[in-house]
Amino acid sequence: MKLKKATPINNTFFIILCTIGTLAILSSTMSKTPVLNPYAISLKTPTNLMGIIAAASTIPGILISLPAASLTDHFDRKKILLFATFIFASAPFLYLIVTNWWQLALVRFYHGFATATFIPVAETIIANHFPTKRGERISAFNSATYIGRGIAPFLGGTILFITNYRFHTLYLAVAIAGVTSLVITLLLLSETKTYKNNNTKPVNIKVVTNQMLKGWLTIAKNKYTLVVVFVQACQYYVYGIVEFYLVQYMMDVADFNALEVSVVIGVQVVSMIVFRIVFGRFSDKHGRRLPIVLGCLISGILLLFVPFTTQFVLLFVTSLGYGLSFALVVSSTSPLICELAPSNLIGTSMGFLSTAMDVGQILGPIVSGVILATVFSYMGLFFSLMLLLIVSALVFLFSGVAKKF
């Protein structure tokens with residue numbers, strides 16, 4: 001009797017994968033915003049160590065994203081996806097038994113492995129099974145995760161308000177979302193053979209490790225993939241700064257109230273969610289060159305105007321425009337690096353891109369704090385962002401990548 005061949009993932013599977021992503025990122029984000037700061041304070045965390053609590057979950061992104069994504073080129077992706085969702089489901093319960101600040105830091109560190117593994121692995125699955133719609137489908141998946149990321153602060157804040165800051169109640173809600181994502185993953189993957197590993201030979205760890213290292217070296221020696229990684233790192237370096245310091249600018253300089261700040265930031269998030277899918281579809285049909293170059297240039301020009309105005313309407317438009325231009329770039333970087341990499345190293349290439357994203361987001365607030373402390377203040381900060389984005393556009397344009405796609 002002939003065995004049936006595994007079929008590519010269909011639209012229903014893709015929608016369910018997006019649902020898992022929404023729940024998983026909702027869970028992880030709600031564990032951080034807005035509860036983490038007051039929870040750390042309640043544990044009497046020293047002020048000079050608060051940064052450790054904040055950064056603990058981002059460190060795994062640098063450590064594990066590349067190895068996890070690379071493993072998808074050699075192992076059954078089902079197991080790796082289950083590993084990530086297991087962490088999403090188990091980590092929230094650990095917050096319930098924390099009694100001091102260093103334990104909270106360890107839990108945050110453990111929780112960080114979930115997102116660091118899940119995102120690049122899910123993107124690799126999508127990239128492999130939708131080769132002609134990579135921009136659209138990866139963008140749609142990321143938009144789904146942004147929905148979870150956007151809902152989390154409102155839901156978490158509401159729970160804290162209703163319960164008068166009962167942290168354990170909030171983390172139980174976090175656990176419900178995380179466990180649900182795991183249950184859906186188990187049910188979904190048990191019904192499909194999409195991820196069946198065709199290699200039935202015993203795994204030789206030494207051989208796989210050598211293959212992974214060779215894959216890393218192959219991607220690292222490809223100047224085209226490095227250019228895309230650079231563009232991605234620049235985008236998230238800037239995003240990390242805008243996410244933090246635009247709020248500070250509106251409150252300290254523009255004297256906005258909480259509602260005005262939430263509207264300006266909210267329109268940015270909404271534009272990223274909605275238009276990322278549109279721009280992903282556009283890049284599939286018309287190429288990656290125009291979205292990346294245009295997005296970098298528009299972002300840079302818009303951000304340069306921030307320190308010159310304190311008007312609500314102008315900052316609203318600037319935030320909206322930045323969200324659109326950011327979506328324009330990142331909707332093309334993921335599919336582009338897949339197309340530049342060998343077909344057997346798509347997971348590795350996505351790992352490089354994910355690591356670049358984490359490095360950029362971590363470095364952004366650190367470096368920007370130094371710039372902000374100088375006499376140039378916000379003027380110097382936003383000028384440096386404009387300069388970096390224009391440089392990234394020029395590097396991409398003249399590197400030769402633009403000519404290939």
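**Cysteines, aromatic pairs and a nonpolar patch**

Cys-338 is buried, with a relative accessibility of 3%. In this predicted model, Cys-234 is likewise buried, at 4% relative accessibility. The count of disulfides is zero. For Cys-234, the nearest cysteine sulfur belongs to Cys-296 and lies 7.7 Å away; for Cys-338, the nearest is that of Cys-18, at 16 Å. Because a disulfide requires two cysteine sulfur atoms within 2.5 Å, neither Cys-234 nor Cys-338 takes part in one.

Aromatic contacts amount to 17 pairs. Tyr-39 and Phe-167 form a tilted pair, with 5.0 Å between the centres and 40° between the planes. This pair connects distant parts of the chain, joining helix 2 (residues 36-42) to helix 8 across 128 residues, and both Tyr-39 and Phe-167 are buried. Through ring pairs, Tyr-39 and Phe-167 belong to a cluster with Tyr-95, Tyr-165 and Tyr-171. A further tilted pair is formed by Phe-256 and Phe-312, whose ring centres are 5.9 Å apart and whose planes meet at 55°. Phe-256 is located in the loop between helix 10 and helix 11, and Phe-312 in helix 13, 56 residues apart. Phe-256 is buried at 9% relative accessibility, whereas Phe-312 is partly exposed at 30%.

Two arginines are placed over aromatic faces: Arg-137 over Phe-14, 4.9 Å from the ring centre, and Arg-149 over Tyr-146, at 5.3 Å.

At the surface, Phe-93, Leu-172, Val-179, Val-183 and Leu-187 make a nonpolar patch of about 420 Å². Helix 8 (residues 167-190) supplies the largest share, four residues. Leu-187, which is in helix 8, is exposed, with a relative accessible area of 57%.

Terms used:
Residues are numbered from 1 along each chain as its sequence is written. This is a predicted model: local features need pLDDT of at least 70, side-chain atom pairs count only at pLDDT 80 or more; totals for chains, interfaces and linings use all residues. Side-chain values use heavy atoms; hydrogens and water are left out. Buried means under 20% relative accessible area, exposed over 50%, partly exposed in between (1.4 Å probe, protein chains only). Patches are made of residues with over 30% relative accessible area and no salt bridge: like charges are joined within 9 Å, nonpolar side chains (Val, Leu, Ile, Met, Phe, Trp, Tyr) within 5 Å. Accessible areas come from the Shrake-Rupley method with a 1.4 Å probe; for residues, only the protein chains shown count as cover. A salt bridge is a side-chain nitrogen of Lys or Arg within 4 Å of a carboxyl oxygen of Asp or Glu. Helices (H or I, at least four residues) and strands (E, at least two) are DSSP runs, numbered from the N terminus. Rings of Phe, Tyr and Trp (its six-membered ring) pair if their centres lie within 6.5 Å; planes under 30 degrees apart count as stacked, over 60 as edge-to-face and the rest as tilted. A charge sits over a ring if NZ of Lys or CZ of Arg is within 6 Å of the ring centre and within 35 degrees of the ring normal.
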